[in-house]
Amino acid sequence: MALTIDRLRSALCSSATGITGGEGNSVDAAVISYLKSLREELKQELTTCVLCARIGLLNAADQKTARSALFNYGGEGKLEEHLKSFDQTLAATTRFLGGAAMSEEDLVALEAVFPIFASVLLPIEKSTYPNIDRWFRACLSLDSDKMVCSIFYFLLSIIYSSFMYYYIYYLLQLGGVYHHMIGERRIGQQMDCFANSIVVRENAEVAKSINLGYKKKQTQRQKEKAQKEADQEAPPASAAASTKKPFAFSKEKVSVDASTDEKINAVMNALKTLNIDTEKKKVIKHEATPDMESILSVLDGKEGIVCKNLFLKAKKPRKDVEGDSCIWLVSVPHNADVDYKNLTNLLGYPTKGLLRQTKPELLLESMSLLPGHISPFGLLNDPALTVNIVLDKQMVSDPDTQLWFHPLTNEASVCVSAGELLKFIASSGRAAVLIEFGRC
């Protein structure tokens, strides 16, 4: 049976019974002295063997190294020499050193040889010492409570009393669990393996060096939290978009039913008010171009960037912008990649308020335009400043870059410089939000 703290305490409170005096055979004092010295000098190696035995190992690398050191303590073959002397002493006995009953000589010898015989010698090596093996098992076969009581009573009566708990702990760890003997079948599913703090620390340092600079992927919860914080903090773009200025043009809207020439003239007159020379402006009349494919065909070979225009609306207004209309005109090069989700975040809207293309009725109400006719010049029809505008940053980085737009009608195209476009937008009472878009 395995020793427990309760059984040890009970045993220590009882008298040692069943132990005879020191009469009979005795083990050579040199053998006992050698075994005790080995146990004291090679504590680490002995502990390694004990732990390996406890988890059922027989020939682990560390176990072999420790056993080699123990076998050659004091000189090559010294342990074997002393064990043979001990075995010869026991050859003259019937069961114990004192005869039929265990004596104090047996307790001294058992305390000295127990860790070696239980955790170091393999089963095949124990067979070399048949008398020790017979005596050893005879000692262990005694009633465990009486044997434990006798061992501890004897040890605690002859060894320094101030070290009482040390010896209790020592015997408990090295000699108190019979089924942890090396080569014996283990009982239960427990793993009695204790970590080496030095090795654990070294492994921790290795792990830290491997993971240095590694950034774990965000969990879904972390992503949601970051998005929530981003939604609460409006980016500079939204602040710029909320800036309102006086509307510099006529507040009379150009009718959607006006002729092509009337719409072109309205745009030219607006540019003239800004001191822009309209005489040199390139204005091309052509057949209706309701999509990008058709306008690219018409303007193929012409100098300048053909722009596409999107009319979008967010589902929910931004909390930090008072009176946000949620309506946006996005003007970018025809090959720009407009990611609605990313644009929504950049403009400071919550993810659930995703920007999307709106109904034709809102376009007509806001800028008196129909789908396919959209351009920044539609801002002429929005003196209420309900429409915000986004421009591609790279497109307007050079003020001399030439840009093509519809002048309120898709039956014509007009070319203006990036600088002139920004001047026109500013005069319409709003500041353009500049965002870098990728290219398809």
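Helices H3 and H6 lie oblique to each other, and their packing is a convenient place to enter this structure, which is a predicted model. The protein chain holds 18 helices and ten strands, and buried residues make up 42% of its 440 residues. Of the contacts in the protein chain with a separation of 6 or more, 74% are between residues 24 or more positions apart.

**Helix H3 against helix H6**

- Helix H3, which covers residues 43-54, packs with helix H6, which covers residues 104-119, at an angle of about 50 degrees and with the two axes 9 Å apart.
- That angle falls in none of the ranges for roughly parallel, roughly perpendicular or roughly antiparallel axes, and so counts as oblique.
- The crossing in which H3 passes H6 is left-handed.
- On the H3 side the residues that meet H6 are Leu 46, Cys 49, Val 50 and Ala 53, while on the H6 side Pro 115, Ile 116 and Ser 119 take part.
- Sorted by class, the residues of this contact between H3 and H6 are six nonpolar and one polar, with no charged residue.

**Helix H2 against helix H5**

- The axes of helix H2 (residues 29-41) and helix H5 (residues 78-91) come within 10 Å, and they cross at roughly 140 degrees.
- H2 and H5 are therefore also described as oblique to each other, and H2 passes H5 in a left-handed crossing.
- From H2, the contact is made by Ala 30, Val 31, Tyr 34, Leu 35 and Leu 38, and from H5 by Lys 78, Leu 79, His 82, Ser 85 and Phe 86.
- The contact of H2 with H5 has seven nonpolar residues, two polar residues and one charged residue.

**Asn 131 in helix H8**

- Asn 131 is placed in helix H8, which spans residues 130-140.
- With a relative accessible area of 18%, Asn 131 counts as buried, because the cut-off for a buried residue is under 20%.
- When residues up to four places away in sequence are not counted, Asn 131 touches Asp 87, Leu 90 and Ala 91.

**Strand E2 and its partners**

- Strand E2, made of residues 305-313, is mostly covered, with seven of its nine residues buried.
- E2 is joined by seven bridges to strand E3 (residues 327-333), and the two strands run antiparallel; in this pairing Asn 309 stands opposite Ser 331 of E3.
- Two bridges join E2 to strand E5 (residues 356-357), again in the antiparallel sense, and the bridge partner of Leu 312 in E5 is Gln 357.
- With strand E7 (residues 402-405), E2 pairs in the parallel sense over two bridges, and Ile 305 has Leu 403 as its bridge partner in E7.

**Strand E6 and its partners**

- Strand E6, which runs over residues 387-392, is mostly covered, six of its six residues being buried.
- Val 387, Ile 389 and Leu 391 point one way from E6, whereas Asn 388, Val 390 and Asp 392 point the other way, and all of these residues are buried.
- E6 pairs with E3 in the parallel sense over five bridges, and Leu 391 of E6 stands opposite Ser 331.
- Ser 331 of E3 is thus a residue to look at from two sides, since it stands opposite Asn 309 in the pairing with E2 and opposite Leu 391 in E6.
- Three bridges join E6 to strand E9 (residues 433-435), and these two strands run parallel, with Asp 392 standing opposite Ile 435 in E9.

Notes
Residues are numbered from 1 along each chain as its sequence is written. This is a predicted model: local features need pLDDT of at least 70, side-chain atom pairs count only at pLDDT 80 or more; totals for chains, interfaces and linings use all residues. Side-chain values use heavy atoms; hydrogens and water are left out. Axes are lines fitted to C-alpha atoms, for helices over the stretch in contact, and angles run from 0 to 180 degrees between N-to-C directions. Helices (H or I, at least four residues) and strands (E, at least two) are DSSP runs, numbered from the N terminus. Angles under 35 degrees count as roughly parallel, over 145 as roughly antiparallel, 65 to 115 as roughly perpendicular and the rest as oblique. A crossing is left-handed if the near helix is turned anticlockwise from the far one by less than a right angle, and right-handed if clockwise. Contact means heavy atoms within 4.5 Å. Ala, Val, Leu, Ile, Met, Phe, Trp, Tyr, Cys and Pro count as nonpolar, Asp, Glu, Lys and Arg as charged, and the others, Gly among them, as polar. Buried means under 20% relative accessible area, exposed over 50%, partly exposed in between (1.4 Å probe, protein chains only). Two strands pair if DSSP finds at least two bridges between them.
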